Every structure is written in structure tokens, then in C-alpha cells.
Amino acid sequence: MTITDGLLWQATDQGRNWLVWTRRAAITIAIGAVGVLAVVCGERMLGYFVAGCAALVVVIGAAYLVWDRTRFLEIRLSEGPVPTLDIRMVTRRVVQVVLDDVARVELICTYPAYDPDYPNDPRTSDAVLLLQLSGRRGWYRSRARSSTSAEAAEEIRAEWQRRCPRATVTREVRFRTGGTND
């Protein structure tokens, strides 16, 4: 991986699409209002079911937004007397981590299912980077980086191994499969 301006990792999706989130919230509110209206009009079971489903969608969406806040978008290497990693989170907050504090780096490459109809289709994966810090400082998980070739993934793994020699650096390959998984 070629390091430009100290960039070690950058996710493909850099922000939230608030228009989509606003549209989903408006549809969920409308469905919840229809459920409440059904309760008022006398269809209690149907109304409670529809309003309950809308409330469940709100809870799941809120949990996803909270979970997404813990992920990072990019990592830059800051050279200096003590090299640090500047980890930019989804919330635009920047966390600085000393390279020696990185205990484990895991690159997870997820490939789509093989399609025999397209044998010459380039095999690229969605890659996610996990960083574990020493002690009880926890994990950092990135958003996905799309269209990562096997060669690029190996270059990323080698670069992290070179930058963090004390850390355990691994590359895991996963495959999405179609079907029922019987």
C-alpha cells in the first residue's frame, strides 16, 4: 500500500447519508401514526401491532446509530519524536494512539460468492480493519473499504506489520455464500 500523506487506512463511505435516514424516520413515524390511528378507530390489535413494529424499527435504528459512532473512517500516521496514529472516528473526533500501544491488527476481507457465469470477474473484497490496543483500552473497528484486491490487502497487512512490529497482524478471508446454508 502506498502511503500518501501518512494515510494508513481510509474507508470508502466517509459520512452518513442523512437524507436516507430522514426519509426512513419519516416513513417510520407515518407507519406509527397509522397504528395509533387504527387503535383510536377501534382496530386495537392491528393498531398495537403496527405501532409496536414502528417502535421496534426506531429502537433498532437508534442502536445502529450508537454502534456506528464507535467505528473509524481513517487512520493517519503522524511522524514525530513518538510516531502516533491519528484515528478519525465517524463523529469526526480524532483519537491519538502511540504505535507501541497497538497489540493486534486484524484485516478481514469478505469476498462475494463465486458466480460461474462470470469467471473473469475481478475478485475484490470489502475489507474491514480491527485494531486492539494493549491493556483495557479496547477495540477500534473501521467501516468497510470496498474493492480491495488480494494484492492490496496483502500490502496493507505488510505495511501494518512493518509499522507495528510488536503487534500481531493477521489477514482473515471470509466468503459470502448464497443459499440457505444447509
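**Colleague's note on the predicted model**

1. Let me start with glycine 52, which sits within helix α2, the helix covering residues 44-68. Please keep in mind as you read that this is a predicted model. Glycine 52 has a relative accessible area of 36%, so it is classed as partly exposed, since that class lies between the 20% and 50% cut-offs. If you want a distance to check on screen, try alanine 38: its C-alpha atom is 12 Å from that of glycine 52, and the two residues are 14 positions apart along the chain.

2. Now for the overall layout. The protein has three helices and nine strands. Going along the sequence, they come in the order β-α-α-β-β-β-β-β-β-β-α-β. The pattern thus opens with a strand followed by two helices, and it ends with a helix and then a strand.

3. What radius of gyration does the protein have, and what would a compact globule of 182 residues have? The protein has 22 Å, while the globule would be near 16 Å. The C-alpha trace spans about 70 × 45 × 30 Å along the principal axes. You may like to turn the model on screen with those three spans in mind.

4. A few totals for the whole protein may help you next. Of its 182 residues, 31% count as buried. The exposed surface comes to about 11400 Å², and carbon and sulfur atoms supply 58% of that area. Among contacts with a sequence separation of 6 or more, 56% are between residues 24 or more positions apart. On the charge side, there are 24 positive and 20 negative charges, and their mean positions lie 8 Å apart.

5. Threonine 28 deserves a look of its own. This residue belongs to helix α1, residues 18-40. Is threonine 28 buried or exposed? With a relative accessible area of 14%, it is buried, because the cut-off for that class is under 20%. A polar atom of the threonine 28 side chain lies 2.8 Å from the backbone oxygen of arginine 24. Leaving aside residues up to four places away in sequence, threonine 28 touches Ala54, Val57 and Val58.

6. Glutamate 106 is another residue I would bring up on screen. You will find it in strand β5, which runs over residues 102-111. Its relative accessibility is 9%, so glutamate 106 counts as buried. The glutamate 106 side chain makes a polar contact of 3.2 Å with the side chain of arginine 104. Not counting residues up to four places away in sequence, glutamate 106 touches Val128, Leu129, Leu130, Trp139, Thr170 and Glu172.

7. Please also check the backbone at arginine 92. Its phi is positive, about 75°, although the residue is not a glycine. Where is arginine 92 found? It lies in the loop between β3 (84-89) and β4 (94-98). Arginine 92 has a relative accessible area of 48%, and so it is partly exposed.

8. Serine 147 is worth a backbone check as well. Here phi is near 55°, a positive value in a residue other than glycine. Serine 147 is placed in strand β8, residues 145-149. Is serine 147 buried or exposed? Its relative accessibility is 57%, so serine 147 counts as exposed, given that this class needs over 50%.

Terms used
Residues numbered from 1 in each chain as written. Predicted model: local features only at pLDDT ≥ 70, side-chain atom pairs only at ≥ 80, totals over all residues. Heavy atoms only, no water. Helix = DSSP H or I, 4+ residues; strand = E, 2+ residues; numbered from the N terminus. Rg over C-alpha atoms; globule rule 2.2 N^0.38 Å. Buried < 20%, exposed > 50% of the residue type's maximum accessible area, 1.4 Å probe, protein only. Contact = heavy atoms within 4.5 Å. Areas by Shrake-Rupley, 256 points an atom, 1.4 Å probe, with all protein chains shown as cover. Lys, Arg positive; Asp, Glu negative; His and termini not counted. Charge placed at Lys NZ, Arg CZ, Asp CG, Glu CD. Polar contact = N/O pair within 3.5 Å; in protein donor to acceptor, adjacent residues only side chain to side chain.
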